[in-house]
Amino acid sequence: MKPLGITFKRIFNIMHQGMNDNLKQFDLTISQLHIIIYLYQNKDEDISQRNIEKNFKLSNPTINGLLNRLETKGFIKKTISKKDARFKTIHLTTKSISMYQEILTSFNMMEQKIVKDISKEDLIIFEKVLNKILENII
């Protein structure tokens, strides 16, 4: 049996490249899309850069760069937190909200391609196994 890490890496690389190619039409990368999805799913909460760092398990400089590029492109805005003026909260702009469904459709097309010809039962088992692997390495 091949080491799982090699197979995971191959899958990740192919998915990552395919999604980035597909997202060029929106001037986004997959990493930027993940942040937009996270912000959209948590739009009723005050989300700070620290929240994003913890959620994605990425460093401050990495998230800072992603957020700065999203802000430059007009997808997010940073505002001073109403709860604590030392922090900024991150919000989606009307541009990203209006494009969200179209962007999500593109993302979902890749997801459908991934699970094509795999039964629902196998996907349920696969998700359980992936979550167990994730628990083991955290």
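**Met1, a nonpolar patch and a big-volume pocket**

Met1 counts as exposed because its relative accessibility is 94%, and the cut-off for exposed is over 50%. This is a predicted model, so take what follows in that light. Met1 sits in the segment before α1 and belongs to a nonpolar surface patch. The other topic here is the largest pocket, at about 1,700 Å³.

**Overall layout**
- You've got six helices and two strands in the chain.
- Reading from the N terminus, the order is α-α-α-α-β-β-α-α.
- Along the principal axes, the C-alpha atoms fill a box of roughly 55 × 35 × 25 Å.
- Out of the 138 residues in the chain, 28% are buried.

**The nonpolar patch**
- Met1 teams up with Leu4, Phe8, Phe126 and Leu130 to make this patch of about 550 Å².
- Two helices, α1 and α6, each chip in at least two of the patch residues.

**The largest pocket**
- With a volume of about 1,700 Å³, the pocket is lined by 35 residues, and the ones closest to its centre are Phe12, Met15, His34, Glu111 and Leu130.
- Two or more lining residues come from each of α1 (4-23), α2 (30-41), α3 (49-56), α4 (60-72), α5 (94-115) and α6 (120-137).
- Which element gives the largest share of the lining? That's α6, with nine residues.
- Sorted by class, the lining has 26 nonpolar residues, seven polar ones and two charged ones.

**Where the two topics meet**
- Leu130 shows up in the nonpolar patch and also among the residues closest to the pocket centre.

Conventions. Residues are numbered from 1 along each chain as its sequence is written. This is a predicted model: local features need pLDDT of at least 70, side-chain atom pairs count only at pLDDT 80 or more; totals for chains, interfaces and linings use all residues. Side-chain values use heavy atoms; hydrogens and water are left out. On a 1 Å grid over the protein atoms alone, a cavity is a set of points where a 1.4 Å probe fits but cannot get out, and a pocket is an open set with protein on both sides within 12 Å along at least five of seven lines; lining residues have an atom within 4 Å of a point. Grid points are joined across faces, edges and corners, and a volume is the space filled by probe spheres set on the points. Helices (H or I, at least four residues) and strands (E, at least two) are DSSP runs, numbered from the N terminus. Ala, Val, Leu, Ile, Met, Phe, Trp, Tyr, Cys and Pro count as nonpolar, Asp, Glu, Lys and Arg as charged, and the others, Gly among them, as polar. Patches are made of residues with over 30% relative accessible area and no salt bridge: like charges are joined within 9 Å, nonpolar side chains (Val, Leu, Ile, Met, Phe, Trp, Tyr) within 5 Å. Accessible areas come from the Shrake-Rupley method with a 1.4 Å probe; for residues, only the protein chains shown count as cover. A salt bridge is a side-chain nitrogen of Lys or Arg within 4 Å of a carboxyl oxygen of Asp or Glu. Buried means under 20% relative accessible area, exposed over 50%, partly exposed in between (1.4 Å probe, protein chains only).
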